[in-house]
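Work through the exercises below with the sequence and the model open. Each task is followed by a solution in steps.

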Amino acid sequence: MKNTKVTLVPLTADDREQFILDNQWAFKYGALQEFGERDNHIDADGEIISRKTIERSIDDPQSETYRIVAGGKKVGGVILKIDKETNRNHLEILFTLPDEHSKGIGYGAWQAVEALHPETAVWETCTPYFEKRNIHFYVNKCGFQIDEFWCEYYQPAHAMPDDEERGHDEGPDEMFRFVKIMK
């Protein structure tokens, strides 16, 4: 398993716009690889993940946002939602730029996240059903377990992330939810 040394650098205000654009490109790239231009998962603005969703994640008072840096170059990003009361934390977003895929950067970033928050009892995250790279990454590399598959046949006890705020035009309705029990 590749383990590329990366650094997590707190997002700065002057890098916010590029972070959002890089994040959107990374998610859009995955959808285009899977579905091509015909995909109905791309919203009206041509994005898989909206600016509003990314900004809401960055601006959440419980969030920590970092750039993933490898070899002195910004190669991705991560947004964490940290609950200091329950230590049940959420990986909101983790992305690497498409040109940096398969270099161990995502795994190195995940190891840095775990080291940054050793108090975590449980990590949670989710990803769209078509992101096979992500599913492989979370389950086979990072040790997450699939906890739920949100789809038309399943009515979860809790809402999908941002269900009450997102429109049906943003992202897929079918998502895998993952958990990793740390303690």
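The three exercises concern a predicted model.

**Exercise 1. The sheet**

Determine the strand order of the sheet, its edge strands and its twist.

Solution.
- Step 1: The sheet is open and consists of seven strands, ordered E1-E2-E3-E4-E5-E7-E6. Their pairing is mixed.
- Step 2: Strand E1 (7-10) and strand E6 (145-150) each pair on one side only, which makes them the edge strands.
- Step 3: From one strand to the next, the twist averages 30 degrees.
- Step 4: Take one pair within the sheet. Strand E2 (residues 63-70) and strand E3 (residues 73-81) run antiparallel and are joined by eight bridges. Opposite Glu64 stands Leu80 in E3.

**Exercise 2. A helix face**

Which residues of helix H2 (residues 51-59) are buried, and how are they placed around the axis of H2?

Solution.
- Step 1: The buried residues of H2 are Thr53, Ile54, Ser57 and Ile58.
- Step 2: Looking down the axis of H2, these buried residues fall within an arc of 130 degrees, so they line one face of the helix.

**Exercise 3. An arginine in a strand**

Locate Arg177, decide whether Arg177 is buried or exposed, and find a polar contact of its side chain.

Solution.
- Step 1: Arg177 lies in strand E7 (residues 175-181).
- Step 2: Buried means under 20% relative accessible area. The relative accessible area of Arg177 is 8%, so Arg177 is buried.
- Step 3: The side chains of Arg177 and Glu124 make a polar contact at 3.0 Å.

Terms used
Residues numbered from 1 in each chain as written. Predicted model: local features only at pLDDT ≥ 70, side-chain atom pairs only at ≥ 80, totals over all residues. Heavy atoms only, no water. Buried < 20%, exposed > 50% of the residue type's maximum accessible area, 1.4 Å probe, protein only. Helix = DSSP H or I, 4+ residues; strand = E, 2+ residues; numbered from the N terminus. Arc of directions from axis to C-beta. Pairing = 2+ DSSP bridges. Axes fitted to C-alpha atoms, helices over the stretch in contact; angles between N-to-C directions. Polar contact = N/O pair within 3.5 Å; in protein donor to acceptor, adjacent residues only side chain to side chain.
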